[in-house]
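Let's take a quick tour of a protein model and the ligand that goes with it. Have the structure open while you read.

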Amino acid sequence: MANPLPYADAAPARPRSRTGAAAAFAVGPDDPRYAFLVGRGINRRLTTKPAVVYTPAGTEQVRRAVAAALADGQRIAVRSGGHCIEALVDNADVAALIDLSRLRQVTWDPVHRAFSVGGGALLRDVYRELFLGHGVAVPGGTCPTVGVGGYVLGGGFGARSRRHGLVVDHLYGVEVVVTDGAGRVRRVVATRDTDDPHHDLWWAHTGAGGGSFGVVTRFLFRSPDASGADPSRALPRPAARSLVATVRWPWETLTEPAFTRLVTNYGAWHAEHSGVDTPFADLNSSLVLSCRAAGQVTLVCEIHGDGAEQMLDSYLSAVTAGLTVPHTRDVRSLPWLDAVYAELYTTMSPIFNRYKGKGAYLRRPYDAEQIAIAYRYLSDPAYTGRAAINLLAYGGAINAVDPAATAVAQRDSILKSYVGTAWSAADPDEQHLTWLRHFYRDLHAATGGVPMPSSATDGSYINYPDTDLANPVWNSSGVPWHALYFKGNYARLQQIKARYDPADRFRHPLSVQLPGQSEDQA
Ligand SMILES: Cc1cc2nc3c(=O)[nH]c(=O)nc-3n(C[C@H](O)[C@H](O)[C@H](O)COP(=O)(O)OP(=O)(O)OC[C@H]3O[C@@H](n4cnc5c(N)ncnc54)[C@H](O)[C@@H]3O)c2cc1C
């Protein structure tokens, strides 16, 4: 079988850069800016040493950067917010890194009657400008330090998604710098309009992940049901306040029966209340099953709009029913933007900053066996990393969209899981990678070690990228990695790849492959 990661073994190609018309914004290894730029990725497990980093300030400069990299025969990677946890950007093969940090403008585009967001904006820029400027928001509302580039291209979900759907469900268009097989580089605007000749390119940017087709320089946001030229009606309007509850169970007193009860209650509630018409669409939640070394298990719940108090009472009663072990409970009402900036769902550590993560779409909750496996791994006193399973609320309006309407094929899950760990530079990476790989494989043992599409699971989320899914040692399901991420949408993505990147200039270990390149088996 051919190597399913065709570039992983290639020798680093780092020819000297000539940079040409992009010289004015090219940063080489001797430049004081270089260390900052190559170190922007959050995952300290990964490193990169490109020959050049381009820092374009606009679309034409991105076009020139791509042209220069192609002329130099360099492997290209694009960086927006730097939150990718797998080696898709920070990769030894990358010779030209295009850093979009200077493309952060958020403005109203009267021509497209849509908000225009620079491809390097961080979510916090987007939330602030849309909300303070116009009282609207894309339906994220979580993790403000994530970049819009990777987030949107993978689908993008957040605290308002059960009410309004994924961020790509509100993506009207993209401005992309693409290249043909002959090295010509051009700018294309592709929209949701079905008569747009580049409609397919828009579709490819609604969930296939970043780095497969070109460089997105601008995202255009307008909800499908919005019309007219009034920006304050172009996207959903968040409620004034968020009611936020945090419940913590310390590991010292968390018994296995209590752990089992909590995870069972949580799963049962979400199985019952994640339909398209759920009256709990304004409720978002994350159960963070941290390991013993992290100290506690945490439930974070956020509710917007009318009836928030009653909804919260009913939710917490159901999820904590029968639990008698000690816990702390903190309930706060915050202005919506304060809740976004409070980073309710993320705990990043400057010490435990080497990461590995694995995702899964859950069509039904963990069963008793999976909960027992989770307890066995997470309660292990010998494990010193900061591991956790995050069980994230899903469903609602997300599931109202047809699986082929966007590139996100998974449209009937009730929860999304992120199984990950973090460790410090003091530990060997391999120790934690191996631990996590076994944990995830055991959790999904019934389906070849991966969340194979089945009645229980529905593949994984490309924004939780995991190259192990392309490795038969860790994926024995017979389902290839791309079918886990993209399911039946992959063939169309490959056709679009052939049209817009026929020479496969934009690639990484989990990028969309040209037709004929994909593996039948993982
Ligand atoms: C702490 C944390 C919290 C998170 N929370 C959420 C969450 O609430 N919801 C959610 O859906 N996801 C979440 N994620 C996952 C997140 O969406 C992905 O990690 C995402 O890919 C990060 O985007 P980025 O731009 O910051 O990363 P980058 O590392 O800059 O880019 C990620 C990928 O996209 C490509 N890319 C980036 N910008 C462009 C562009 N303009 N054009 C073409 N390709 C581009 C890159 O080449 C790379 O392949 C979270 C991740 C972390 C680490």
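Below is a short briefing on the ligand's surroundings and on one helix.

Keep in mind that this is a predicted model. The ligand has 31 residues around it, and the protein covers 93% of the 960 Å² of accessible area that the ligand has on its own.

**Who sits around the ligand**

- Val78, Ser80, Gly147, Phe157 and Tyr461 are the residues that come nearest to the ligand.
- Sorted by class, the shell is made up of 15 nonpolar, 15 polar and 1 charged residues.
- Strand E3 (76–79), helix H4 (148–154) and strand E9 (215–221) are the elements that each give two or more residues to this shell.
- H4 gives the largest share, with 4 residues.

**Polar contacts with the ligand**

- Gly81 has a backbone N or O atom 3.0 Å from an oxygen atom of the ligand.
- His83 also puts a backbone N or O atom by a ligand oxygen, at 3.1 Å.
- Thr142 uses its side chain instead: an N or O atom there is 2.9 Å from an oxygen atom of the ligand.

**Helix H13 and its buried side**

- In helix H13 (residues 490–500), the buried residues are Tyr490, Leu493, Gln494, Ile496, Lys497 and Tyr500.
- Why do they end up on the same side of H13? They cover an arc of only 165° around the axis, so they share one side of the helix.
- What do the buried residues of H13 pack against? Their partners are strand E7 (171–179), strand E8 (185–191), helix H6 (199–204) and helix H12 (481–486).

Conventions. Residues numbered from 1 in each chain as written. Predicted model: local features only at pLDDT ≥ 70, side-chain atom pairs only at ≥ 80, totals over all residues. Heavy atoms only, no water. Buried < 20%, exposed > 50% of the residue type's maximum accessible area, 1.4 Å probe, protein only. Arc of directions from axis to C-beta. Contact = heavy atoms within 4.5 Å. Near = heavy atom within 4 Å. Polar contact = N/O pair within 3.5 Å; in protein donor to acceptor, adjacent residues only side chain to side chain. Areas by Shrake-Rupley, 256 points an atom, 1.4 Å probe, with all protein chains shown as cover. Nonpolar A, V, L, I, M, F, W, Y, C, P; charged D, E, K, R; others polar.
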